[in-house]
Amino acid sequence: MFEVSFIPAFKDNYIWLLTRGKRAVVVDPGDAAPVIARLEADGLTLEGILITHHHADHQGGIAELTARWQAEIYAPVVESITGCTRPLSGGELIEVLGETVAVLAVPGHTRGHLAYSVPGALFCGDTLFGAGCGRLFEGTPEQMSASLDQIAALPDDTLIYCAHEYTGMNLRFALAIEPDNAALQARVAKVAALRAAGRPSVPLTLAEEKATNPFLRCEVPAVVDAGLRHAAQTGEDPDLTVNRKKASIFKFIRSWRNTF
Ligand code: ZN
Ligand code: FE
């Protein structure tokens with residue numbers, strides 16, 4: 001298996017660096033400078049770039065990197081990505097540093113958003129965050145809810161490599177939704193200690209997200225109640241039809257988060 005480490009970028013982005021010996025692949029290089037510095041310091045050769053979605057903080061470094069290294073660029077076919085050589089729509093298996101990687105379509109944050117999955121690890125861009133999820137810029141609540149369901153179906157010990165350090169902020173909101181959730185209270189203390197020590201809160205474990213992330217808990221009574229309270233404030237009717245209730249609660253929790 002390849003090794004995974006991170007390259008910090010901008011204010012709170014993580015660019016994931018996958019290495020096998022001196023071979024390297026990066027996920028979502030929004031900025032080239034810190035990637036070049038790290039690859040050169042470690043004597044690595046870049047052979048691939050995995051892109052989850054088109055936002056500049058995820059693809060802004062591509063041109064500079066490919067000017068220096070010849071790398072395959074894997075990216076969503078329906079989005080505009082600099083120099084894409086391997087257009088993907090989800091459902092494909094690709095080979096990365098000798099490993100088979102499954103490509104998942106996880107629309108919601110953007111319409112072509114992809115996640116890259118190997119046994120035990122998922123690179124999910126701006127779909128799932130620590131105690132939160134990405135904003136719905138292009139997709140519907142139903143799409144994002146289904147994308148999160150897809151992630152939640154992975155094994156509990158899967159490590160989730162998301163693209164931003166948002167966990168602390170998200171936990172404040174999660175606690176407003178579920179003040180009595182003991183796992184959530186414990187996580188707040190744990191993440192505060194990690195961040196105070198200058199350490200990342202990612203990768204996340206899926207088990208901990210399932211226990212504390214309100215966006216993966218839209219069927220838990222306390223989260224349903226919170227969603228219904230927000231729905232009442234907006235004056236919109238929640239759709240409580242059995243098979244639409246979860247996505248409807250998700251929609252109200254997500255829109256509440258936007259104004260929190
Ligand atoms: Zn984004
Ligand atoms: Fe982003």
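The paragraphs below lead through a predicted model, from its two metal ions to its nonpolar cores, one helix and a few unusual backbone angles. Residues are numbered from 1 along each chain as its sequence is written, while local features are reported only at pLDDT of at least 70 and side-chain atom pairs only at pLDDT 80 or more, although totals for chains, interfaces and linings use all residues. Chains are lettered from A and ligands numbered from 1 in the order in which they are written, and side-chain values use heavy atoms, with hydrogens and water left out.

A good place to begin is the pair of metal ions. The zinc ion (ligand 1) has as its protein donors His53 (NE2), His55 (ND1), His109 (NE2) and Asp126 (OD), which lie 2.2 to 2.3 Å from it; donors here are N, O and S atoms within 2.8 Å of the metal (3.2 Å for Na, K and Ca), and since water is not among the atoms, sites may look incomplete. The 4 donor atoms around the zinc ion (ligand 1) subtend angles of 84 to 175°, which makes the arrangement irregular. Irregular is the word for anything that fits none of the regular patterns: four donors count as tetrahedral if all angles lie between 85 and 135 degrees, and four count as square planar and six as octahedral if opposite donors are over 155 degrees apart and all others between 65 and 115. Both His53 and His55 are buried, a term that means under 20% relative accessible area, whereas exposed means over 50% and partly exposed lies in between (1.4 Å probe, protein chains only).

The iron ion (ligand 2) is 3.2 Å from the zinc ion (ligand 1), and Asp126 coordinates both. Asp126 lies in the loop between strand E10 (121–125) and strand E11 (128–129), and His164 in the loop between strand E13 (159–162) and helix H5 (167–177), so the pair ties together parts that are 38 residues apart in sequence; helices (H or I, at least four residues) and strands (E, at least two) are DSSP runs, numbered from the N terminus. Asp126 and His164 are both buried. The donors of the iron ion (ligand 2) are Asp57 (OD), His58 (NE2), Asp126 (OD) and His164 (NE2), at 2.1 to 2.4 Å.

Away from the metals, the largest nonpolar core has 49 residues, of which Leu18, Leu50, Ile94, Tyr116 and Phe123 touch the most other members. Such a core is a set of buried Ala, Val, Leu, Ile, Met, Phe, Trp, Tyr and Cys residues joined through side-chain atoms within 4.5 Å. Apart from it lies another core, of 21 residues, including Ile7, Ile49, Ile51 and Ala71.

Helix H1 (residues 32–41) has Ala32, Val35, Ile36 and Leu39 as its buried residues. They cover an arc of only 100° around the axis, which puts them on the same side of H1; the arc is that of the directions from the helix axis to the C-beta atoms. Just after H1, Gly43 takes a positive phi of about 65°.

Some backbone angles elsewhere also deserve a look. Leu97, in the loop between strand E7 (93–96) and strand E8 (99–105), has a positive phi near 50° although it is a residue other than glycine, and Leu97 is buried, with a relative accessible area of 2%. Finally, a cis peptide bond with omega of about 5° joins Val202 and Pro203, and Pro203 is found in the loop between helix H6 (182–196) and strand E14 (204–205).
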